[in-house]
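Here are my notes on this one, jotted down while going through the strands and the helix. Have a look at the structure first, then see whether you read it the way I do.

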Amino acid sequence: MTTTKYRKRPVVIEAMQLPHSATPTEGMAVYHWVESNTDGSFEPLDVIEGKKPYPKSGVSIDPRDGRIIISTLEGLHWVDLGDYVIRGVAGEFYPCKPEIFEQSYEEVID
């Protein structure tokens with residue numbers, strides 16, 4: 001079996017960065033953006049501990065360290081300071097490290 005090369009299609013996404021020195025207001029702006037475009041908030045502890053399944057989409061705050069948690073079909077994803085939160089082509093949300101984001105995306109100027 002041989003490998004085949006593929007090029008990523010150019011698509012336009014929406015993203016917000018959680019700055020390294022994020023204020024509570026900036027953190028809540030990211031949280032509310034995800035919350036209003038997913039199934040909303042969920043109670044995190046039972047999900048983190050595996051007592052309840054993770055929702056197919058949603059957002060919460062990890063009470064252990066205060067980080068935003070985004071729930072996707074693939075599982076839970078924690079947002080670290082400096083990460084971008086991306087809204088993908090199918091409306092899904094996920095965090096992306098700044099180094100990867102800067103290599104993969106450029107700003108669209110209308």
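1. In this predicted model, β1, β5 and β6 make up an open sheet of 3 strands, in the order β1-β5-β6 and with antiparallel pairing. The edges are β1 (14-17) and β6 (93-96), each of which pairs on one side only. From one strand to the next, the twist averages 25°.

2. Zooming in on the β1 side of that sheet: β1 and β5 (residues 84-87) run antiparallel and are joined by 4 bridges. If you want a pair to click on, try M16, whose bridge partner in β5 is V85.

3. There's also an open sheet with the order β2-β3-β4, again 3 strands and antiparallel pairing. Here β2 (58-61) and β4 (75-79) are the edge strands, pairing on one side only. The twist averages 25° from strand to strand.

4. How many bridges hold β2 and β3 together? The antiparallel pairing of β2 with β3 (residues 68-72) runs over 4 bridges. For a landmark, look at G58, which sits opposite S71 in β3.

5. Now for the helix, α1 (residues 24-36). Which strands does α1 lie across? On the one hand, α1 lies across β1, β5 and β6, running at about 150° to β1. On the other, α1 lies across β2 and β3, and its direction is at about 150° to β2. I'd keep α1 in view while going back over points 1 and 3, given that it lies across strands of the β1-β5-β6 sheet as well as across β2 and β3.

Conventions:
Residues are numbered from 1 along each chain as its sequence is written. This is a predicted model: local features need pLDDT of at least 70, side-chain atom pairs count only at pLDDT 80 or more; totals for chains, interfaces and linings use all residues. Side-chain values use heavy atoms; hydrogens and water are left out. Two strands pair if DSSP finds at least two bridges between them. Helices (H or I, at least four residues) and strands (E, at least two) are DSSP runs, numbered from the N terminus. Axes are lines fitted to C-alpha atoms, for helices over the stretch in contact, and angles run from 0 to 180 degrees between N-to-C directions. Contact means heavy atoms within 4.5 Å.
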